[in-house]
Amino acid sequence: MTIENILKQRSESKCELCSSDSNLSVYEVPASPDQTAGCCVMVCDTCRGQIEDADTVEANHWRCLNDSMWSQTPAVQIVSYRMLNRLATSESWAQDLKDMMYMEEDMVEWAEKGIALEELESIQTVDVNGTPLQAGDNVTVIKDLPVKGSSLVVKQGTAVRGIRMNDNPLHISGKAAGTTMVLIAAYCKKM
């Protein structure tokens with residue numbers, strides 16, 4: 001049986017978050033330990049859109065989490081926890097529901113891993129002045145920086161041309177003083 005068929009059967013062909021029965025699709029929970037049906041949720045277009053784009057979240061739609069957070073399905077609990085966490089900054093009812101949730105330690109770890117991933121993805125790489133940096137930009141170093149593992153010091157004013165982005169949005173890569181290295185973006189200024 002396919003994951004979609006397993007989820008349709010498990011959810012009785014309804015969104016596992018809000019119980020809508022229209023426009024359903026499989027949502028793979030980010031930072032899941034595997035890619036089985038146990039790490040996926042059947043969701044409607046409304047829920048999927050708001051999960052994937054935090055700017056479109058309508059708080060009242062998510063009052064349905066009052067029921068879905070008690071699901072016996074771990075993936076549904078994880079998505080409920082993450083959405084309550086997102087809403088808790090502006091909605092007191094969401095914080096109250098999140099405080100009431102009980103999950104095993106490994107489930108909380110899975111939920112928090114996804115939250116950390118979301119936060120990391122939302123961070124933009126910027127220079128010392130807050131100017132966004134992109135691959136290929138040229139920057140100058142704003143202070144003397146010792147290079148770990150060597151006696152080399154990258155001097156203030158050194159140009160780093162054609163930077164590259166790293167997995168960590170707080171860092172950039174580039175060639176300075178003839179050596180390719182990772183630099184902290186906050187110690188650079190866009191040229």
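**Stop 1: helix 2**

Start by selecting Cys47, Arg48, Gln50 and Ile51, the buried residues of helix 2. You are looking at a predicted model, so keep that in mind at every stop. Now bring in the surroundings: strand 1 (24-28), strand 2 (40-44) and helix 4 are among the elements that cover these buried residues.

Next, show the side chains of arginine 48 and glutamate 52. They meet in a salt bridge, with N and O 3.0 Å apart. Both residues belong to helix 2 (residues 45-52), and because they are four residues apart there, about one helical turn separates them. Which of the two is buried and which is exposed? Arginine 48 is buried, at 18% relative accessibility, whereas glutamate 52 is exposed, at 53%.

**Stop 2: the largest cavity**

Keep Ile51 selected and add Tyr27, Pro30, Val79, Arg82, Met83, Arg86 and Glu118; together these residues line the largest cavity. Rolling a probe the size of a water molecule over the atoms shows where empty space is left. A search of the whole structure turns up one cavity of 30 Å³ or more, and the volume of the largest cavity is about 60 Å³.

Which helix gives the most to this lining? Color helix 4 (residues 74-87) to see the answer, since helix 4 contributes four residues. By type, the lining holds five nonpolar residues, no polar ones and three charged ones.

**Stop 3: a pair at arginine 10**

Move to glutamate 16 and arginine 10. These two form a salt bridge whose closest N and O atoms are 2.8 Å apart. Side chains of opposite charge can pair when their charged atoms come close. Switch on a surface and look at each partner: glutamate 16 is buried, with a relative accessible area of 13%, while arginine 10 is partly exposed, with 29%. The count for the structure comes to four salt bridges, and one of them is waiting at the next stop.

**Stop 4: lysine 190 and aspartate 137**

Select lysine 190 and aspartate 137, another salt bridge, with closest N and O atoms 3.5 Å apart. Where do the two partners sit? Lysine 190 is in strand 9 (residues 188-190), and aspartate 137 is in the loop between helix 6 (105-122) and strand 3 (139-141), so the pair ties together parts that are 53 residues apart in sequence. Aspartate 137 is buried, with a relative accessible area of 14%, and lysine 190 is partly exposed, at 33%.

**Stop 5: threonine 125**

Stay in the loop between helix 6 and strand 3, and select threonine 125. Is threonine 125 buried or exposed? Its relative accessibility is 9%, so threonine 125 counts as buried. Draw a distance from the side chain of threonine 125 to the backbone oxygen of proline 169, and you should find 2.7 Å.

Then show what surrounds this residue. Leaving aside neighbours within four places in sequence, threonine 125 is in contact with Thr131, Pro132, Leu133, Met165, Pro169, His171, Ile172 and Ala185. Leave His171 on display, as His171 also belongs to the lining of the largest pocket.

**Stop 6: the largest pocket**

With His171 in view, add Leu145, Pro146, Val147, Lys148, Val154, Met181, Val182, Leu183, Ile184 and Tyr187 to complete the lining of the largest pocket. This pocket holds about 280 Å³ of space.

Try coloring the strands here. Strand 4 (145-146) and strand 8 (179-184) each supply at least two of the lining residues, and strand 8 has the largest share, with four. How many residues of each type make up the lining? There are nine nonpolar, one polar and one charged.

**Stop 7: serine 173**

For the last stop, select serine 173 in strand 7 (residues 171-176). Serine 173 is buried, with a relative accessible area of 8%. Which side chain does the side chain of serine 173 touch in a polar contact? The partner is asparagine 166, at 2.5 Å.

Finally, display the contacts of serine 173 beyond its neighbours within four places in sequence: Ile163, Arg164, Asn166, Met181 and Val182. Met181 and Val182 may look familiar, as both appeared in the lining of the largest pocket.

Terms used. Residues numbered from 1 in each chain as written. Predicted model: local features only at pLDDT ≥ 70, side-chain atom pairs only at ≥ 80, totals over all residues. Heavy atoms only, no water. Buried < 20%, exposed > 50% of the residue type's maximum accessible area, 1.4 Å probe, protein only. Polar contact = N/O pair within 3.5 Å; in protein donor to acceptor, adjacent residues only side chain to side chain. Contact = heavy atoms within 4.5 Å. 1 Å grid on protein atoms, 1.4 Å probe; cavity = no way out; pocket = protein on both sides within 12 Å on 5 of 7 lines; lining within 4 Å. Points joined across faces, edges and corners; volume = space filled by probe spheres on them. Nonpolar A, V, L, I, M, F, W, Y, C, P; charged D, E, K, R; others polar.
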